[in-house]
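Q: I have this one open and want to go through it before setting anything up. Can you walk me through the fold?

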Amino acid sequence: LAFDQQGQTKIKSSRHSMILRNGTAGKMNGALEHSDQPDPDAIKMFVGQIPRSWSEKELKELFEPYGAVYQINILRDRSQNPPQSKGCCFVTFYTRKAALEAQNALHNIKTLTGMHHPIQMKPADSEKSNAVEDRKLFIGMVSKKCNENDIRVMFSPFGQIEECRILRGPDGLSRGCAFVTFSTRAMAQNAIKAMHQSQTMEGCSSPMVVKFADTQKDKEQRRLQQQLAQQMQQLNSASAWGSLTGLTGLTPQYLAVRGHTHVATPTSSTASAAAA
């Protein structure tokens, strides 16, 4: 708050200003609210192992050292009257950086007064759509002369890059491909649209490949497909070997012919051939 010479109250306009009503922070559904919005890549974090007696005020004091807090929402048991805290909450910082710093400082490290286990802090389930595997690109057909900085310069027009890595062999030389992780999936999608097969780089036989990197699920599925293909190949080989050695002709009629050479059966021609 800033006061002019006439004593009139002015609300200082800033990115992290809070809505003030009658001198208290405005609340909606039990959450602390702010007048503006967090960054597009901000993360909503789930926090467990907090005292059930704590209110939004104590939680705000816990989280604010890591960055400005946009919203805190305590999970409550609505079957009780009044609703009681379940000992966990959601917190959203204005910036992604603040959320990650809070997680690094608190998760499995800090134990709050009266609790037997350290704080648990991780992205909320609703944030899984922003998982790294959904924002990570594979870049193929890259010139082996390129380094990480060259790739960053090439892809930075599409958004903030969290990680850039050239895939290298044991000798430290580039294998002609790279991984780039953006802050959001939308940035990654834009990069694919603009860069896939857009150019053929020096020393490459075909245009650049830009696609989402394989997820763990993709790798597992491909491994299962390879196993199935190997099993089918083994079965086909066994079948072919059986045909060559006459094993497929070991029928009941064949056994009858072996035991009773004069027994005639409706398929005696087949049995005879099998015996031969």
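Q: Which residue is the bridge partner of leucine 137 in strand 13?
A: Valine 180 is the bridge partner of leucine 137 in strand 13. This is a predicted model, so to speak of a pairing here is to speak of the prediction.

Q: How many bridges join strand 11 and strand 13, and in what sense do they pair?
A: There are 4 bridges between strand 11 and strand 13, and the sense is antiparallel.

Q: What about strand 11 and strand 14, how many bridges join them?
A: Strand 11 is joined to strand 14 by 4 bridges, and the two run antiparallel. Within strand 14, lysine 211 stands opposite phenylalanine 138.

Q: In what order do the strands of the open sheet come?
A: The order is 12-13-11-14, with 4 strands in an open sheet and antiparallel pairing. Strand 12 (161-168) and strand 14 are the edges; each has a single partner strand, so one side of each has no neighbour in the sheet.

Q: What is the average turn between neighbouring strands of this sheet?
A: Neighbouring strands are turned by 20° against each other on average, direction ignored.

Q: Back to strand 12. How many bridges does it make with strand 13?
A: Strand 12 and strand 13 pair over 6 bridges, in the antiparallel sense. Threonine 181 in strand 13 stands opposite glutamate 163.

Q: And how many residues lie between strand 12 and strand 13?
A: There are 5 residues between them, and the two strands form a hairpin. In the turn, glycine 172 has a positive phi of about 85°.

Q: Is strand 13 mostly covered or mostly open?
A: Strand 13 is mostly covered, with 8 of its 9 residues buried.

Q: Which strands does helix 3 touch?
A: Helix 3 packs on the sheet and touches strand 11, strand 12, strand 13 and strand 14. The direction of helix 3 makes about 135° with that of strand 12.

Q: Which strands does helix 4 lie across?
A: Helix 4 lies across strand 11, strand 13 and strand 14, and runs at about 155° to strand 14.

Q: Which residues of helix 4 are buried?
A: In helix 4 (residues 185-195), the buried residues are Ala188, Ala191, Ile192 and Met195. They sit on the same side of helix 4 because they cover an arc of only 100° around the axis.

Q: What covers them?
A: The cover of the buried residues of helix 4 includes strand 11 (136-140), helix 3 (148-155), strand 13 (174-182) and strand 14 (209-212).

Q: What phi does glutamine 197 take, just after helix 4?
A: Glutamine 197 takes a positive phi of about 55°.

Q: Different topic: what is the mean pLDDT of the protein?
A: The mean pLDDT is 80, and 72% of the residues reach 70 or more. Over residues 1-30 the pLDDT is below 50, and that stretch has 47 contacts in the model beyond near neighbours in sequence. Residues 261-271 also have a pLDDT below 50, with 5 contacts in the model beyond near neighbours in sequence.

Q: How many helices and strands does the protein have?
A: The protein has 7 helices and 14 strands. Of its 276 residues, 31% count as buried.

Q: And what is the accessible surface?
A: The accessible surface is about 17600 Å², and 52% of that belongs to carbon and sulfur atoms.

Conventions: Residues are numbered from 1 along each chain as its sequence is written. This is a predicted model: local features need pLDDT of at least 70, side-chain atom pairs count only at pLDDT 80 or more; totals for chains, interfaces and linings use all residues. Side-chain values use heavy atoms; hydrogens and water are left out. Buried means under 20% relative accessible area, exposed over 50%, partly exposed in between (1.4 Å probe, protein chains only). The arc is that of the directions from the helix axis to the C-beta atoms. Contact means heavy atoms within 4.5 Å. pLDDT is the predictor's confidence in each residue, from 0 to 100. Accessible areas come from the Shrake-Rupley method with a 1.4 Å probe; for residues, only the protein chains shown count as cover. Two strands pair if DSSP finds at least two bridges between them. Axes are lines fitted to C-alpha atoms, for helices over the stretch in contact, and angles run from 0 to 180 degrees between N-to-C directions.
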